[in-house]
Amino acid sequence: MKLSATVPALPVQNVREAVAFYQRRFGFSVSYADDRFARLVRDEAEVHLWAADDDSWRQRSNLAEEPVRSGAESFIAGTASCRIAVDDVDALYAELTAAAVLHPNDPGSAVDTAWGTREFAALDIEGNVLTFWADKP
């Protein structure tokens with residue numbers, strides 16, 4: 001028995017809108033999509049999106065007696081992050097700069113880290129953070 005891959009699953013309020021965003025802005029293709037779940041791929045990278053769209057918690061008068069626990073509450077959307085390895089982080093940085101998805105605190109280029117990577121962060125339509133990285137030569 002061996003483990004082979006991990007796939008980030010990011011919460012979004014509207015799966016169909018998020019899929020369109022990932023296609024247009026990040027260059028992902030759709031492997032599967034419905035209103036609740038999507039499987040997106042670009043080259044060897046795969047990202048899953050799932051619907052965090054339960055707003056029933058807003059109507060609860062007493063959260064102590066009726067705790068929030070569906071696991072798909074709308075306030076979860078945009079709270080996740082993932083790291084995606086790339087072979088040319090600077091080329092992808094240029095592409096995603098043009099796509100206007102870079103993190104608001106972007107320093108103006110990919111950065112070298114103390115842990116041996118060169119990386120940058122971007123945001124999806126909900127605010128989930130995608131960090132793209134490559135090992136420094």
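Student: Which elements each supply at least two residues of the lining of the largest pocket?
Tutor: This is a predicted model. In it, β5 (81-85) and α2 (89-98) each supply at least two lining residues.

Student: Which one gives the most to that lining?
Tutor: α2 does, with four residues.

Student: What volume does the largest pocket have?
Tutor: About 300 Å³. The lining is made of 16 residues.

Student: Which of those are the closest to its centre?
Tutor: R42, D43, A85, V86 and L92.

Student: How does the lining of the largest pocket divide into nonpolar, polar and charged?
Tutor: There are 10 nonpolar residues and six charged ones. No polar residues are found in this lining.

Student: Switching pockets. What is the volume of the second largest?
Tutor: The second largest pocket has about 200 Å³.

Student: Which residues line the second largest pocket?
Tutor: Going along the chain, A5, T6, V7 and P8, then E44, A45 and E46, then R83, I84 and A85.

Student: Which strands each supply at least two residues there?
Tutor: β4 (45-51) and β5.

Student: And which element gives the most?
Tutor: β5, with three residues.

Student: How many nonpolar, polar and charged residues are in that second lining?
Tutor: Six are nonpolar, one is polar and three are charged.

Student: Back to A85. Where does A85 sit in the two pockets?
Tutor: A85 is among the residues closest to the centre of the largest pocket. A85 also lines the second largest pocket.

Student: And what about β5 as a whole?
Tutor: β5 supplies at least two residues to the lining of the largest pocket. In the second largest pocket, β5 gives the most.

Note on methods. Residues are numbered from 1 along each chain as its sequence is written. This is a predicted model: local features need pLDDT of at least 70, side-chain atom pairs count only at pLDDT 80 or more; totals for chains, interfaces and linings use all residues. Side-chain values use heavy atoms; hydrogens and water are left out. On a 1 Å grid over the protein atoms alone, a cavity is a set of points where a 1.4 Å probe fits but cannot get out, and a pocket is an open set with protein on both sides within 12 Å along at least five of seven lines; lining residues have an atom within 4 Å of a point. Grid points are joined across faces, edges and corners, and a volume is the space filled by probe spheres set on the points. Ala, Val, Leu, Ile, Met, Phe, Trp, Tyr, Cys and Pro count as nonpolar, Asp, Glu, Lys and Arg as charged, and the others, Gly among them, as polar.
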